[in-house]
Amino acid sequence: MALRQINRSVRLLMGQIQRCGSGVASKHSARCLGQAAARPEPTPNENEAVNPTFVNRNPRNLERMALAVKDRGWKTTWPHQQFYHRLMFSRSQRHVTAEVFSCTSPVPVLTCSTKEWAVKKELASTNCVAACQAVGEVLAHRCQQAGIMRMVYRAIPWTYRSEGVQAFRAAMKQGGVILSEPKRKYVGT
C-alpha cells in the first residue's frame with residue numbers, strides 16, 4: 001500500500017518537472033515543484049442534476065428492494081393477498097401443476113405442468129414424487145430466466161407433509177428460488 005503511494009507521488013513529481021521545465025525560467029520551476037497541479041473542480045449543479053421525468057424501466061426493481069406497495073387485502077381471505085409473487089402448487093389424480101401469480105393479475109405469470117409434452121415425455125408417471133421434483137426444477141429454471149427470485153409459498157397444512165410437496169420445495173430451493181419474501185420496508189418521505 002505504501003509502495004503504491006510512493007510510486008504515485010514520484011510519477012506526479014516527474015510530470016510536474018516535465019511540465020514546468022519546458023521553456024520556463026529556472027526560478028519558476030522551483031515554485032512549480034512546490035505547488036500541486038491545479039485541477040478544475042466540477043460545478044455541483046452538473047453532478048446533482050436529476051431528470052424530472054425519470055421513468056423506472058425495471059418494474060421489479062422496487063420489489064427486489066422491498067419498497068413496492070403490497071396489497072393488504074382483507075384479513076379474512078385465504079390465502080392472504082400481501083405478496084409480490086405467489087406460488088400455487090396442486091396435484092390431481094393425473095397431473096402436477098405449479099403456477100406463479102403476480103399481485104396485480106389473476107392470470108399466472110409462469111406455469112409448469114406435467115401436461116406439457118416436454119415434461120411428460122421425460123417421466124414414467126405424471127403424478128408421482130419424481131414428477132413433483134421435475135416440475136419444481138423446470139419452474140425454478142423459468143423463474144430464474146424471468147428474474148423472479150423470491151415468492152411466497154404457503155402449502156395447505158394437511159398436504160404440506162407429503163413427499164411430493166417436500167420434493168417440489170427442495171427442487172425449487174436447489175434451483176435458486178427463495179420461497180419467502182422480505183417484509184416491506186417503509187421509507188419516510
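This tour moves through the chain one selection at a time and says what is found at each stop.

The model is a predicted one, in which local features need pLDDT of at least 70 and side-chain atom pairs count only at pLDDT 80 or more, while totals for chains, interfaces and linings use all residues. Residues are numbered from 1 along each chain as its sequence is written, and side-chain values use heavy atoms, with hydrogens and water left out.

**The whole chain**

Begin with the full chain, which has seven helices and three strands; here helices (H or I, at least four residues) and strands (E, at least two) are DSSP runs, numbered from the N terminus. From the N terminus on, the order of the elements is α-α-α-α-β-β-β-α-α-α. Of the 189 residues in the chain, 26% are buried, where buried means under 20% relative accessible area, exposed over 50% and partly exposed in between, with a 1.4 Å probe and protein chains only. Among contacts (heavy atoms within 4.5 Å) with a separation of 6 or more, 55% join residues 24 or more positions apart.

**Helix 6 and helix 7**

Next select residues 129-146, helix 6, together with residues 163-174, helix 7, whose axes lie 8 Å apart and make an angle of about 25 degrees. Axes are lines fitted to C-alpha atoms, for helices over the stretch in contact, and angles run from 0 to 180 degrees between N-to-C directions. The two helices are therefore roughly parallel to each other, since angles under 35 degrees count as roughly parallel, over 145 as roughly antiparallel, 65 to 115 as roughly perpendicular and the rest as oblique.

To see the contact itself, show V129, C132, Q133, V135, G136, E137, L139 and A140 of helix 6, which meet E163, G164, A167, F168, A171 and M172 of helix 7.

**The largest nonpolar core**

Now colour the largest nonpolar core, a group of 25 residues in which L87, F89, L139, M151, F168 and M172 touch the most other members; such a core is a set of buried Ala, Val, Leu, Ile, Met, Phe, Trp, Tyr and Cys residues joined through side-chain atoms within 4.5 Å. At least two residues of this core come from each of strand 1 (85-91), strand 2 (96-102), strand 3 (108-113), helix 6 and helix 7, and helix 6 gives the most, with seven residues. Centre the view on M172, which, leaving aside its neighbours within four places in sequence, is in contact with L87, G136, L139, A140, M151, V177 and L179.

**T114**

Move on to T114, in the loop between strand 3 and helix 5 (117-120), where this residue is buried with a relative accessible area of 0%. Not counting residues up to four places away in sequence, T114 touches R94, H95, V96, V119, K120, L123, T126, A131 and V135. A distance drawn between the C-alpha atoms of T114 and T97, which are 17 residues apart along the chain, should read 6.7 Å.

**S102 and Y84**

Finish with S102 in strand 2, which counts as buried at 14% relative accessibility. Beyond residues up to four places away in sequence, S102 touches F83, Y84, H85 and V109. One of these, Y84, is found in the loop between helix 4 (61-64) and strand 1, and counts as buried at 3% relative accessibility. From Y84, select E63 as well: the two are 21 residues apart in sequence and 7.0 Å apart in space, C-alpha to C-alpha.
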